[in-house]
Amino acid sequence: MKSFARFVLAGCLAAAAGAAHADEADFLRSFEGNFAGKGTVKVTTEAPTVNVSCRFNSDATSSSLSLDGTCRGLVVVTRAISADLKSSGTKYTGTYLGSRTGPAQLSGSRSGNAINLGIRWAKEVNGDRKAQMTVEKNGEDGMRLTVIDVDPKTGESVTTSRIDLRRI
């Protein structure tokens, strides 16, 4: 009887894992498409805030998300930005390009409608190599990209970028 119970338990766990993978695949695919929007960016925690307008193309599969785009600020300054994420269940790893320091490493997990990622910059930014990024599903056709860093002088969390995008 014990082996039958273990067999049933193993089957239930496998079914739950399959359902979790399907949920994650649907979540990732909901980011598919072209997006445009506006936001703010600070190069450092002490820098002035710059208004930006951005356009992104998002490709998604059942286990990956790729964001490629550009943001324009101060009329003439344009920066290419991209993030490539791979999922294993609700855990994510990947790379972020867009910082002046070079490619940054991303790792984290999904919670609800958001992928919460730790950033490890290629070089020091604001006194260390760490920050936080959130890729959040915002309604049916929206996405919010947020980066938060810690001000080395005050120890306060500072939003260094927040971009709200809508599917176009």
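Student: In this predicted model, which residues form a nonpolar patch on the surface?

Tutor: Look at the stretch around strand S4, which covers residues 77-88 and includes Val-77. The patch there has about 330 Å² of accessible area in total. Its members are Leu-74, Val-76 and Val-77.

Student: Is Val-77 itself buried, partly exposed or exposed?

Tutor: Buried would need under 20% relative accessible area, and exposed would need over 50%. Val-77 comes out at 47%, so the label for Val-77 is partly exposed.

Student: Now the inside. Which strand gives the most to the largest nonpolar core?

Tutor: That core has 31 residues, and Phe-56, Leu-65 and Val-135 have the most contacts inside it. Five of the core residues come from one strand, residues 114-125. That's strand S7.

Student: And Val-135, which residues does it touch beyond four places away in sequence?

Tutor: Val-135 is one of the residues with the most contacts inside the core. Its partners include Phe-31 and Leu-65, then Asn-113, Ala-114, Ile-115 and Leu-117. The list of residues touching Val-135 finishes with Met-143, Arg-144 and Leu-145.

Student: On to charges. How far apart in sequence are the parts tied together by Glu-24 and Arg-110?

Tutor: Their side chains meet in a salt bridge, 2.9 Å from N to O. Glu-24 sits in helix H1 (residues 2-29) and Arg-110 in strand S6 (residues 104-111), so the pair ties together parts separated along the chain by 86 residues.

Student: Of those two, is Glu-24 buried or exposed?

Tutor: Take the partner before the residue you asked about. Arg-110 has a relative accessible area of 22%, making it partly exposed. Glu-24 is at 1%, and since anything under 20% falls in the lowest class, Glu-24 counts as buried.

Student: Where do Lys-153 and Glu-46 sit in the chain?

Tutor: These two form a salt bridge, with 3.0 Å between the closest N and O atoms. They are 107 residues apart, so to speak from one loop to another: Lys-153 is in the loop between strand S9 (142-150) and strand S10 (157-167). Glu-46 is in the loop between strand S1 (33-41) and strand S2 (50-60).

Student: Is Lys-153 buried or exposed?

Tutor: The cut-off for exposed is over 50% relative accessible area. Glu-46 passes it at 53%. Lys-153 has 68%, and so counts as exposed.

Student: What about Asp-141 and Arg-167: how many residues apart are they?

Tutor: Their side chains meet in a salt bridge at 2.9 Å, N to O. Asp-141 is in the loop between strand S8 (128-137) and S9, while Arg-167 is in strand S10. Asp-141 is partly exposed at 32%, and Arg-167 is partly exposed at 28%. Along the sequence, the separation is 26 residues.

Student: Which residues do salt bridges with shared partners join into one network?

Tutor: The structure holds five salt bridges. Some of them share partners, and that sharing builds a single network. Its members are Arg-144, Arg-162 and Asp-164.

Student: Which cysteines does the disulfide join?

Tutor: A search of the whole structure finds one disulfide. It has an S to S distance of 2.0 Å, and the link is right-handed, with 110 degrees about the S-S bond. One end is in strand S2 and the other in strand S3 (residues 64-73), 17 residues apart. The pair is Cys-54 and Cys-71.

Student: Is Cys-71 buried or exposed?

Tutor: Its partner Cys-54 is buried, at 3% relative accessibility. Cys-71 is at 7%, and because buried means under 20%, the answer for Cys-71 is buried.

Student: Which residues is Thr-160 in contact with, leaving aside neighbours within four places?

Tutor: Thr-160 is in strand S10 and counts as buried at 8% relative accessibility. Its contacts include Val-147, Ile-148 and Asp-149. The others on the list are Thr-40, Val-41, Lys-42 and Thr-45.

Student: Zooming out, how many strands are there in the chain?

Tutor: From the N terminus, the elements run α-β-β-β-β-β-β-β-β-β-β. That gives one helix, and the number of strands is 10.

Student: Last one: what share of the residues count as buried?

Tutor: The accessible surface of the chain comes to about 9600 Å², with 55% of it belonging to carbon and sulfur atoms. The chain has 168 residues, and the buried share of them is 38%.

Notes
Residues numbered from 1 in each chain as written. Predicted model: local features only at pLDDT ≥ 70, side-chain atom pairs only at ≥ 80, totals over all residues. Heavy atoms only, no water. Patch = residues over 30% accessible without salt bridge, like charges linked within 9 Å, V, L, I, M, F, W, Y side chains within 5 Å. Areas by Shrake-Rupley, 256 points an atom, 1.4 Å probe, with all protein chains shown as cover. Salt bridge = Lys/Arg side-chain N within 4 Å of Asp/Glu carboxyl O. Helix = DSSP H or I, 4+ residues; strand = E, 2+ residues; numbered from the N terminus. Buried < 20%, exposed > 50% of the residue type's maximum accessible area, 1.4 Å probe, protein only. Core = buried A, V, L, I, M, F, W, Y, C linked by side-chain atoms within 4.5 Å. Contact = heavy atoms within 4.5 Å. Disulfide = S-S within 2.5 Å.
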